[in-house]
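Please take a look at the chain below. This report walks through its strands, charged pairs, cores and aromatic rings.

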Amino acid sequence: MHSMINRITRLLLYWVVMALLLTASGCMGNPRSETIVIPESEADQPAVGANVGKLFQVKMIYPLEKWFAKFEVLGWTNEEEIVGYASANVPSGSPYDGLQLLAPPFDQPKQLTASLNAGKDLLSLSPDGRLIASLSDSKNGYSLELQSVDGRQNYSIDEPVPKQPQRLFSRNLRWSNDSRYLSYLVLGDRRDQLNLVVYNVRQGSSKRLALQGMPDMKNSASAVLSEDGNRLLIDNGRLVSLAELNDDGRFVVRYDHASTQNGCFWVDANRFIFLGADGTLFQYDSRNGELTVLLEKIVSFSLSPDRKMIAYTQNDGDIIYAGKLQGNNLLSQTAVYQGFVPSLMKWSIGNGELLVAGSKPFNRTEIVPAPVSELEGTIAMHGFIIDFQDK
């Protein structure tokens, strides 16, 4: 009898999800073909106070001091150190700007010698933690500049983006997972035309590629390439779109889905994870069009650099969980911290630490969950670092 009730419940859930997805696709005016997959066995939902599994056993929690409220996190530069920007902390007369390093025990930032332009618009740290990209407003327009975190290398891209009204269409710079490609979107000659600007770090070359088939041109969007450079994820906070590179050198949108402002991540060259508009965490496989339900009622999430760990919050969002991504399933789901509403979660390069920034539940009205893809420029009220054992 119990088994029969479970089957009926799962069948009802399937049709509810189907109805929501069809409604969302219809609203976008550009429906795409997809096959919805709900795993055969229900994923074990983590419970508050549940035993911490070996994979996510907390070793130590490092609180971050009050100065962290003005520390703009760029990301991890190695397993234990964080790079950020805090111009308000620069001593008077200093030849450097606010680029700073935060290292264990994370009680005081250290000034870095690398320097950024005072008129910076966008900043982004490469996934390997070695390079900082900045898109600056110069006399000739927007110019892209790269420099190493240690300040030893500094060079500008030869092809600046001409500055015209509403020409820049991205609010952030996105790196491919392997730190090879840096990309952003600009408007073309027509208002309804988009171009992707791609800089290949390994080759030291940049190019523009046309992007066609975007169903929503009202909101600015980020664009991140797959590691092979053949697929593109576009995210504008309302819609996530997948585009593929044609033989003629143009990216054409092949799939889109209603989403929310919490980012999208490539798992590999064919699969990506995103948060749907209804709070469902999905994984999409472009090879067969399968859309897999990973979790429901998700508020925010962050994927680790190796694409194997997920940190997330559910429902009210004041309990942080961690889980291991394996195929189309999320395993070892564990509650690792309670009583905090994160606006930012960022895994370290070695996946052994998790940086969390946000506020306590009674201050939740002051925090609006920020897209994980827009970490640059995020101002955190309070923060801490969870250090896991068995890294």
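What follows starts with confidence and then moves from the strands to the side chains.

## Confidence

This is a predicted model. Its mean pLDDT is 79, and 73% of the residues reach 70 or more. Some stretches call for care. Residues 1-29 have a pLDDT below 50, and beyond near neighbours in sequence this stretch has 22 contacts in the model. Residues 364-380 also stay under 50, and here the model has 55 contacts beyond four places in sequence.

## Strands β16, β17 and β18

A good place to begin is strand β17, which spans residues 239-245. Five of its seven residues are buried, so the strand is mostly covered. β17 pairs with β16 in the antiparallel sense, joined by five bridges. The two strands form a hairpin with three residues between them, and Gly237 in the turn has a positive phi of about 90 degrees.

β17 also pairs with β18, again antiparallel, over seven bridges. Five residues lie between the strands of this hairpin, and Gly249 takes a positive phi near 85 degrees.

Which residues stand across from Glu244? In β17, Glu244 is the bridge partner of Arg231, and Glu244 also stands opposite Val252 in β18. In a regular strand the side chains alternate between the two faces of the sheet.

## Salt bridges

Side chains of opposite charge can pair when their charged atoms come close. The count for this model comes to seven salt bridges. Three of them are set out here, with the N to O distance and the relative accessible area of each partner.

| Pair | N to O distance | Accessibility of the acid | Accessibility of the arginine |
|---|---|---|---|
| Glu244 and Arg231 | 3.7 Å | Glu244, 24% | Arg231, 18% |
| Asp248 and Arg250 | 2.4 Å | Asp248, 46% | Arg250, 30% |
| Arg287 and Asp285 | 2.8 Å | Asp285, 10% | Arg287, 57% |

The Glu244 and Arg231 pair adds a side-chain link to the strand pairing already described. Glu244 lies in β17 and Arg231 in β16 (residues 231-235), so the salt bridge ties together parts that are 13 residues apart in sequence. Why does Arg231 count as buried while Glu244 counts as partly exposed? Buried means under 20% relative accessible area, so Arg231 at 18% is buried. Glu244 has 24%, which lies between that cut-off and the 50% limit for exposed, so Glu244 is partly exposed. This pair belongs to a wider arrangement, since Asp228, Arg231 and Glu244 are linked in a network of salt bridges.

The other two pairs in the table have their own settings. Asp248 and Arg250 meet in a salt bridge; Asp248 counts as partly exposed, and so does Arg250. In the pair of Arg287 and Asp285, Arg287 counts as exposed, whereas Asp285 counts as buried.

## Nonpolar cores

The largest nonpolar core has 19 residues. Which of these touch the most other members? They are Leu185, Leu194, Leu196, Leu211, Leu232, Ile234 and Phe251. Strands β12 (181-187), β13 (194-200), β14 (205-212), β15 (222-225), β16 and β18 each supply at least two residues of this core.

Leu194 gives a closer view. Leaving aside its neighbours within four places in sequence, Leu194 has contacts that include Phe169, Leu185, Val186, Leu209, Leu211, Met214 and Met217. A second, separate core holds 17 residues, among them Leu275, Leu281, Ile319 and Leu330.

## Aromatic rings

A pair of aromatic rings is described by the distance of the centres and the angle of the planes. A search of the whole structure finds 13 such pairs. In one of them, Phe265 and Phe301 have ring centres 5.5 Å apart and planes at 75 degrees, so the pair is edge-to-face. Phe265 sits in β18 (residues 251-266) and Phe301 in β22 (residues 298-303), 36 residues apart, and the pair links these distant parts of the chain. Both Phe265 and Phe301 are buried.

In another pair, the ring centres of Phe272 and Tyr284 are 5.5 Å apart with planes at 50 degrees, so this pair is tilted. Phe272 belongs to β19 (residues 271-276) and Tyr284 to β20 (residues 281-285), twelve residues apart. Both Phe272 and Tyr284 are buried. They also take part in one aromatic cluster, formed by Tyr255, Trp266, Phe272, Phe274, Phe282 and Tyr284.

Conventions
Residues are numbered from 1 along each chain as its sequence is written. This is a predicted model: local features need pLDDT of at least 70, side-chain atom pairs count only at pLDDT 80 or more; totals for chains, interfaces and linings use all residues. Side-chain values use heavy atoms; hydrogens and water are left out. Rings of Phe, Tyr and Trp (its six-membered ring) pair if their centres lie within 6.5 Å; planes under 30 degrees apart count as stacked, over 60 as edge-to-face and the rest as tilted. Helices (H or I, at least four residues) and strands (E, at least two) are DSSP runs, numbered from the N terminus. Buried means under 20% relative accessible area, exposed over 50%, partly exposed in between (1.4 Å probe, protein chains only). pLDDT is the predictor's confidence in each residue, from 0 to 100. Contact means heavy atoms within 4.5 Å. A salt bridge is a side-chain nitrogen of Lys or Arg within 4 Å of a carboxyl oxygen of Asp or Glu. Two strands pair if DSSP finds at least two bridges between them. A nonpolar core is a set of buried Ala, Val, Leu, Ile, Met, Phe, Trp, Tyr and Cys residues joined through side-chain atoms within 4.5 Å.
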